[in-house]
Amino acid sequence: MTVCPICNGMDEIHVKCGKCGNEMQDNGRVMDYYDGYSAYMSIDLMKLEDGFKDTYSGNKCPHLMHCHSCQEEYVLLIKE
């Protein structure tokens, strides 16, 4: 079983926005925003349905990154 180092507080993300250059904020797992119950579902089950090709088989955790300056958003895949 693998764990995400970001979700489990073992590491931090420091990513600059590709559009404006300011630091982006990690808003957590993208699956948590699907609906009101997705944050409570099994992580591995959600990885099978998240729309990303290899989050389950490649042991990656998709995090939603957001820039408060220019409102840019993208998903960053974190290796577990």
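## A pocket, a greasy patch and two unusual phi angles

Leu48 counts as exposed, because its relative accessibility is 52% and the cut-off for that label is over 50%. Keep in mind that this is a predicted model.

Leu48 sits in helix 1. On the surface, Leu48 teams up with Met41, Leu45 and Tyr56 to make a nonpolar patch of about 380 Å².

Helix 1, which covers residues 43–49, also has a hand in the largest pocket: it supplies three of the lining residues, the largest share. How much space lies in that pocket? About 250 Å³. The lining is made up of 14 residues, and those nearest the pocket's centre are Thr2, Val3, Ile43, Asp44 and Glu80. Sorted by class, the lining is a mix of seven nonpolar, four charged and three polar residues.

Now for the backbone. Most residues other than glycine have a negative phi. Two loop residues here go the other way, with positive values, as the table shows.

| Residue | Phi | Loop |
|---|---|---|
| Asn59 | near 50° | between helix 1 and strand 2 (60–66) |
| Gln71 | near 70° | between strand 2 and strand 3 (73–79) |

Is Asn59 buried, partly exposed or exposed? Asn59 has a relative accessible area of 27%, so it counts as partly exposed; that label covers values between the 20% cut-off for buried and the 50% cut-off for exposed.

Terms used:
Residues numbered from 1 in each chain as written. Predicted model: local features only at pLDDT ≥ 70, side-chain atom pairs only at ≥ 80, totals over all residues. Heavy atoms only, no water. 1 Å grid on protein atoms, 1.4 Å probe; cavity = no way out; pocket = protein on both sides within 12 Å on 5 of 7 lines; lining within 4 Å. Points joined across faces, edges and corners; volume = space filled by probe spheres on them. Helix = DSSP H or I, 4+ residues; strand = E, 2+ residues; numbered from the N terminus. Nonpolar A, V, L, I, M, F, W, Y, C, P; charged D, E, K, R; others polar. Patch = residues over 30% accessible without salt bridge, like charges linked within 9 Å, V, L, I, M, F, W, Y side chains within 5 Å. Areas by Shrake-Rupley, 256 points an atom, 1.4 Å probe, with all protein chains shown as cover. Salt bridge = Lys/Arg side-chain N within 4 Å of Asp/Glu carboxyl O. Buried < 20%, exposed > 50% of the residue type's maximum accessible area, 1.4 Å probe, protein only.
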